[in-house]
Each structure stands twice: as C-alpha cells, then as structure tokens.
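Work through the exercises below with the structure in view. Try each task before reading its solution.

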Amino acid sequence: MNPPSRLLILVGTMTNTAEYVAQAIEMDCADLIPEIEVRMMDGLDIRVFDGDALYLICTSTYGSGDVPDNARALYESLGNEPKFLGHVRYGVIALGDHGTHPQTFCQGGRRFDERLADLGAVRVGDVFCHDASAGTEAEVVGAAWCREWLALAMQPAS
Ligand SMILES: Cc1cc2nc3c(=O)[nH]c(=O)nc-3n(C[C@H](O)[C@H](O)[C@H](O)COP(=O)(O)O)c2cc1C
C-alpha cells in the first residue's frame with residue numbers, strides 16, 4: 001500500500017479548542033505529508049469518507065459524553081447510513097476534561113472511534129485523549145502526538 005498523500009482533519013468543536021489543535025497540526029506537520037486539509041464537521045455525512053485520504057477525527061466532548069453540536073450530523077450519519085469503510089485508515093484526537101467529567105472523559109472522540117471501527121475502518125495507533133484539567137495546551141501536545149502518529153501512518157506496511 002502506498003503511503004497516503006493527504007491528511008483530512010475533521011473537526012468537532014463547541015468552543016474552538018479542537019479547531020486550534022487542527023490548525024497547529026496543519027502548521028507543524030506540513031513536512032510529513034504532502035497535503036493537510038482541515039474541515040469543520042458541520043453539514044458532513046458518511047460520504048466524507050469516500051475519498052482516499054488519511055483521516056484524523058479531532059473532536060471535543062459535550063453534554064454528558066456527547067459529540068459537539070457541529071459533529072452530530074456526521075456522527076448520526078455513521079449510524080443511520082452505514083456502509084463498509086474498510087478502505088479508511090484513521091486516527092482520533094479526543095478532547096475532554098477528566099476533572100469535571102470523569103465518567104464521560106473524552107467520550108465524544110471515543111464514540112466516533114466505535115462507530116468507525118464498527119463500519120470496518122482501521123484505526124492507526126491509539127486514541128489520543130487530552131485532559132483540559134491537566135494543565136497542558138491541547139494545541140502543543142496534540143501537534144506533538146500527531147507527528148508521531150503520522151510517522152506511524154506513513155509507514156507503507158502499517
Ligand atoms: C457543558 C460542557 C460539557 C462537557 N462535557 C464533557 C464530557 O462529558 N466529557 C469530557 O471529557 N469533557 C467534557 N467537557 C469538556 C470539553 O470537552 C473540553 O473542555 C474541550 O477541551 C473543549 O473543546 P472545544 O473548545 O473544542 O469544544 C464539557 C465541557 C462543557 C463546557
């Protein structure tokens with residue numbers, strides 16, 4: 001399998017932290033893959049996975065372990081319009097707050113991971129969870145994690 005030439009980052013957010021993480025990745029990881037596109041999840045459905053990109057879900061968590069409002073249509077489409085996504089390789093950056101929501105920590109990202117795996121998509125690496133209570137900046141640690149993740153994803157055999 002050839003290494004991917006395009007990374008598509010799908011952003012689910014309420015207060016923009018996930019978008020800042022995606023933008024940091026766009027800047028910091030440009031040397032690792034020919035093209036990086038950041039797309040907000042608003043208005044997307046399962047067809048966004050029809051392409052041949054490498055996908056990165058970058059989403060926060062709201063309510064009680066729910067996906068953010070702008071991610072709901074895409075998340076529900078994965079359940080309501082299911083199709084086999086065996087060609088899809090993806091990673092997950094899940095934002096949450098363990099201090100205030102220990103029971104549902106990072107469940108927004110984990111929900112996407114479960115649905116994608118159910119449809120046959122293949123996750124590269126582990127889900128990366130950022131804890132807003134940890135005192136680290138999501139953009140900094142998210143972009144650092146993504147460099148390692150991309151190195152893994154770009155290996156032809158992985
Ligand atoms: C009303 C509200 C509900 C939240 N619910 C959860 C939750 O259930 N689980 C969790 O891990 N984090 C929860 N969070 C924390 C956010 O996911 C976290 O602050 C995240 O960094 C926000 O990212 P965003 O700015 O991209 O939306 C909640 C935050 C708010 C304000």
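## Exercise 1: two helices side by side

The crossing of α2 and α3 is left-handed. This comes from a predicted model.

Task: Find which residues of α2 and α3 make the contact, then decide how the two helices are oriented.

Solution:
- Start with the residues. Y75, L78 and G79 come from α2, and R111, F112, R115 and L116 from α3.
- Sort them by class. The contact of α2 with α3 has 4 nonpolar, 1 polar and 2 charged residues.
- Take the geometry next. Helix α2 (residues 72–80) and helix α3 (residues 107–118) pack at about 30 degrees, and their axes are 10 Å apart.
- Apply the cut-off. Angles under 35 degrees count as roughly parallel, so α2 and α3 are roughly parallel to each other.

## Exercise 2: a second helix pair

Task: Describe how α1 and α4 cross.

Solution:
- The axes of α1 and helix α4 (residues 138–153) come within 8 Å and cross at roughly 45 degrees.
- α1 and α4 are therefore oblique to each other.
- The crossing of α1 and α4 is right-handed.
- On the α1 side, T17, Y20, V21, A24, I25 and D28 make the contact; on the α4 side, A138, E139, G142, A143, C146 and R147 do.
- By class, that contact of α1 with α4 divides into 7 nonpolar, 2 polar and 3 charged residues.

## Exercise 3: strand, helix, strand

Task: Trace how β1 and β2 are joined, and name the unit they make with α1.

Solution:
- Strand β1 (residues 6–12) and strand β2 (residues 35–40) run parallel, joined by 6 bridges.
- Pick one partner: L7 pairs with I36 in β2.
- Add helix α1 (residues 17–28). β1, α1 and β2 make a right-handed β-α-β unit.

Technical notes. Residues numbered from 1 in each chain as written. Predicted model: local features only at pLDDT ≥ 70, side-chain atom pairs only at ≥ 80, totals over all residues. Axes fitted to C-alpha atoms, helices over the stretch in contact; angles between N-to-C directions. Helix = DSSP H or I, 4+ residues; strand = E, 2+ residues; numbered from the N terminus. Parallel < 35°, antiparallel > 145°, perpendicular 65-115°, else oblique. Left-handed = near helix turned anticlockwise from the far one by under 90°. Contact = placed C-beta atoms within 7 Å. Nonpolar A, V, L, I, M, F, W, Y, C, P; charged D, E, K, R; others polar. Pairing = 2+ DSSP bridges. Right-handed = clockwise from strand over helix to strand, strands pointing away.
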